[in-house]
Amino acid sequence: MNILHMTSEIHPLIKTGGLADVSRSLPVALQSLGENIRLFVPGYRNLLAALNDTHEVMDSFPYGVLPAKARLLAADLPGSSIPLWILDCPALFDRGGGPYQDDEGQDWPDNPLRFGAFCRAAAWLVQNQHPSILDWSIDLLHCHDWQTALTPALLKFWHCPVPTVLTIHNLAFQGNFSASWINTLGLPAQEFHLESLEFHGQLSFLKAGLVHADAITTVSPRYAREIQTPQMGCGLDGLLRHRSAALSGILNGIDELWCPDNDPHLTHHYNITKKAPKALNKAHLQQRLGLEVSPQAFLVGLVSRLTLQKGIDLVLDSLDDMLADKSVQLVVLGSGDLDMERRLAHWNSRKPDQVHIALGFNEVLSHQIIAGADLFLMPSRFEPCGLAQMYAMTYGTPPLVHHTGGLADTVTPYQPEISPRRQQGTGFVFETAHSYELKSCFKIAKSCFHNPVEWNKVVHNAMKKSFRWDRAAQEYQILYNKLLKLT
Ligand code: ADP
Ligand code: GLC
């Protein structure tokens, strides 16, 4: 079947987080199951600059579809044979900064117009499948996150029969904007009510999708349950409970690009039967970042967006305690909240022998930290799925995580009372999002590290775990078949 995925991020062209990784690897996995997949993405300046070869499919959209002059371009997603369709609309996407924010970290004020236009363009392509316009017909549309979520609503308003799936990668980002955008985006005013586009007096892109998509998925089974509770439903739990028959949780996989045996960013390759070179990656990381090169040091890595979601404040509140032990080294790579960046950078100057803080986005360093660290910190307050902890386990770097969402679904807790022989643990898990729990869990991880028999067993269990995409892709395929009434 022909499935169009629409997404606002795509690895390796434009990425702020895990959405970019999933937007590449899920289509690749579906393609290997025999599905015919295309991707639709906004033509950001950086994305177009990273593509060598694009060609024009449509030189314009009909008058009134979009708020500014736009073309439809096509290219292949680098490193794959997935065709990309690109909305080239310079007035909305040809600018510096990131996909959602300017260089100062402020949301672009015209985001509703930018992503509203992206949704209108997608809906128009789905509805106008005439061979004289497009060489490819769309059987089903799969949308990802709020930036795409108006599309299922538009298709319903336009009485288009093509089924839609909306995947929630993070319910906390909803795309809620002033009601005045209804008019500007050409949305039917009569749909601005509680059971359609309205959320607390605002226009909500995500709510529109949750109401109108034929199926809703999210990225782990536990998060699918959590978002139906008032504590974690971000105000949308009532609607999600109402739509529970259409909602399912499908755990993400990880891309084969993340493999310690052939990762081009690593100085030394290793695998579950040849683990020794992992230590050489640790030494290389320590040397590269100006830390003492010591196999005995307990090297802790963190690669993350720096936000409250990721529990970075819990880490900050624990550092005094964790770093009191001189054998602990900490490497952080991240960017985000300016106050968190400043507080982390402070530790750089306070304990330069033990701490290295790298602010910014750095794909190569992220791989080197995940491979070179002993322990990977990911104490997220909530986590829809989380990819970084799965990368860490695959790379033999047990994660320390909070028991929530996809972290709880993927990390098996180490149990100190169980002998190494019977130990199933793949990482270290604490129950409540408090720094005192993080600190005591860290102590357990550290004492495990100092007991090589126990530590090696946890590393081995972690590397043995399989997070393959084919399992998840099969679950999506079953869902698609159901929507298309093929089963
Ligand atoms: P989220 O999507 O919520 O940020 P995930 O764990 O699903 O969390 O995905 C995060 C992805 O972004 C991982 O691939 C991680 O390695 C990467 N990442 C996060 N911050 C950085 C950074 N500063 N530099 C490089 N990669 C980063
Ligand atoms: C979001 C979530 C993260 C998830 C990623 C990919 O960014 O915060 O938990 O892994 O999307 O689905």
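## Close-up views of two ligand sites

**View 1. The neighbours of ligand 2.** Of the 14 residues around ligand 2, the nearest are His169, Asn252, Glu383, Cys385 and Gly386. A residue counts as near if one of its heavy atoms lies within 4 Å of the molecule. This is a predicted model: local features need pLDDT of at least 70, side-chain atom pairs count only at pLDDT 80 or more, and totals for chains, interfaces and linings use all residues. Residues are numbered from 1 along each chain as its sequence is written, chains are lettered from A and ligands numbered from 1 in the order in which they are written, and side-chain values use heavy atoms, with hydrogens and water left out.

**View 2. Polar contacts of ligand 2.** A polar contact here is a pair of N or O atoms within 3.5 Å. The side chain of Asn252 has an N or O atom 2.9 Å from an oxygen atom of ligand 2. For Gln309, a polar side-chain atom lies 3.3 Å from a ligand 2 oxygen. Gly386 uses its backbone: an N or O atom there is 2.8 Å from an oxygen of ligand 2. Taken alone, ligand 2 exposes 310 Å², and the protein buries 93% of that. Such areas come from the Shrake-Rupley method with a 1.4 Å probe.

**View 3. The shell around ligand 2.** Six residues of this shell are nonpolar, six polar and two charged. Gly counts as polar in this scheme; Asp, Glu, Lys and Arg count as charged; Ala, Val, Leu, Ile, Met, Phe, Trp, Tyr, Cys and Pro count as nonpolar. Helix α1 gives the largest share, three residues. Helices (H or I, at least four residues) and strands (E, at least two) are DSSP runs, numbered from the N terminus.

**View 4. Polar contacts of ligand 1.** Gly18, Arg305, Lys310, Gly360 and Leu387 come nearest among the 20 residues around ligand 1. A polar backbone atom of Gly18 is 2.6 Å from a ligand 1 oxygen. The side chain of Arg305 places an N or O atom 2.8 Å from an oxygen of ligand 1. For the Lys15 side chain, that distance is 3.1 Å. Alone, ligand 1 exposes 570 Å²; the protein buries 93% of that.

**View 5. Ligand 1 between two domains.** Domain 1 (2-253 + 469-486) and domain 2 (277-464) both give residues to the shell around ligand 1, so ligand 1 lies between them. The domain bounds come from an automatic or database assignment. Strand β13 (298-306) gives the most to this shell, with three residues.

Conventions. Polar contact = N/O pair within 3.5 Å; in protein donor to acceptor, adjacent residues only side chain to side chain.
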